[in-house]
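Subject: Structure handover

Hello,

Here is the structure I said I would pass on. My notes on what was found in it follow below.

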Amino acid sequence: MAGVGSPVSTSRWLCCLEALQNIAKYAEATTARILLRHDGINLAFSVTDDGKGFDRATVSLGSGLTNRADRPAGAGGFVDVVSAPGQGTTVSGGVPVPAWPVHVVAATHASSSSIGPNSDLGM
């Protein structure tokens, strides 16, 4: 299970953090969006900005992008960076983990009766 503090959780958190730091330093973005989800195989993330983007063919992978790729790879995962000048950047990736069960909790609603007194509320 990929709980808080697990290597999977830490890897995903650090990838998102580094993406946000790059947005703050370089992107000149007005918005950024983080998405975390389980896609059936991977605990996946994406960080997208509306900044100036960059050309992957002319920008070398610095230590931030290299570290971002190495962390999930150590757990069997992946990272991908999609960017183009004027189009913003999306950093996405995932680490394989089993799906966890989803528990649905039914909500109850207490209301007063329009027919008579509501004895359970002392009315």
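Gly86 sits in the hairpin of β3 and β4 and takes a positive phi near 75 degrees. That hairpin has five residues between its strands. Please keep in mind that this is a predicted model. The two strands of this hairpin, β3 and β4, are antiparallel and are joined by six bridges. One of the facing pairs is Ser83 with Thr89, the latter in β4.

The other hairpin is made by β1 and β2, with three residues between the strands. Here Gly40 has the positive phi, near 100 degrees. Strand β1 covers residues 32-38 and strand β2 covers residues 42-49; the two run antiparallel and seven bridges join them. Among the facing pairs, Leu35 is opposite Ser46 of β2, and Leu36 has Phe45 of β2 as its bridge partner.

The two hairpins meet through β2 and β4. Strand β4 takes in residues 89-96 and pairs with β2 over eight bridges, again in the antiparallel sense. Within this pairing, Ala44 faces Gly94 in β4. The result is an open sheet of four strands, ordered β1-β2-β4-β3, with antiparallel pairing. At its edges are β1 and β3 (78-83), each of which pairs on one side only. From one strand to the next, the twist averages 10 degrees.

For the overall layout, the protein chain has two helices and four strands. Read from the N terminus, the order of elements is α-β-β-α-β-β. The chain has 123 residues, and 28% of them are buried.

Salt bridges

How many salt bridges does the count come to? The count comes to one. The partners are Lys52 and Glu28, whose closest N and O atoms are 3.6 Å apart. This pair links distant parts of the chain, as its partners are 24 residues apart. Lys52 belongs to the loop between β2 and α2 (63-73), while Glu28 belongs to the loop between α1 (7-27) and β1. Lys52 has a relative accessible area of 43%, so it counts as partly exposed. Glu28 is at 65%, and therefore counts as exposed. Glu28 also has a backbone feature to look at: its phi is positive, near 55 degrees, although the residue is not a glycine.

Cysteines

You may wonder about disulfides. A disulfide is a covalent bond between the sulfur atoms of two cysteines. The search of the whole structure finds zero of them. Why is there no bond from Cys15 to Cys16, the residue with the closest cysteine sulfur? The two sulfurs are 6.9 Å apart, which is too far for a bond, because a disulfide needs them within 2.5 Å. From the side of Cys16, the closest cysteine sulfur is that of Cys15, at the 6.9 Å already given. Both residues are out of reach of the surface by the cut-off used, which is under 20% relative accessible area for buried. Cys15 is buried at 0%, and Cys16 is buried at 8%.

Surface patch

Leu20, Ile34 and Leu36 form a nonpolar patch on the surface. Together they have about 250 Å² of accessible area. Ile34 is a residue of strand β1. With a relative accessibility of 44%, Ile34 counts as partly exposed. Leu36 appears above as well, as the bridge partner of Phe45 in β2.

A contact between distant residues

Which residue is 6.2 Å from Gly77 in space, C-alpha to C-alpha? That residue is Pro96, which is 19 residues away in sequence. Gly77 is in the loop between α2 and β3. Its relative accessibility is 18%, so Gly77 counts as buried.

If you open the model, I would begin with the sheet and its order, β1-β2-β4-β3. After that come the pair Lys52 and Glu28, the two cysteines Cys15 and Cys16, and the patch of Leu20, Ile34 and Leu36.

Regards

Methods:
Residues are numbered from 1 along each chain as its sequence is written. This is a predicted model: local features need pLDDT of at least 70, side-chain atom pairs count only at pLDDT 80 or more; totals for chains, interfaces and linings use all residues. Side-chain values use heavy atoms; hydrogens and water are left out. Two strands pair if DSSP finds at least two bridges between them. Patches are made of residues with over 30% relative accessible area and no salt bridge: like charges are joined within 9 Å, nonpolar side chains (Val, Leu, Ile, Met, Phe, Trp, Tyr) within 5 Å. Accessible areas come from the Shrake-Rupley method with a 1.4 Å probe; for residues, only the protein chains shown count as cover. A salt bridge is a side-chain nitrogen of Lys or Arg within 4 Å of a carboxyl oxygen of Asp or Glu. Buried means under 20% relative accessible area, exposed over 50%, partly exposed in between (1.4 Å probe, protein chains only). Axes are lines fitted to C-alpha atoms, for helices over the stretch in contact, and angles run from 0 to 180 degrees between N-to-C directions.
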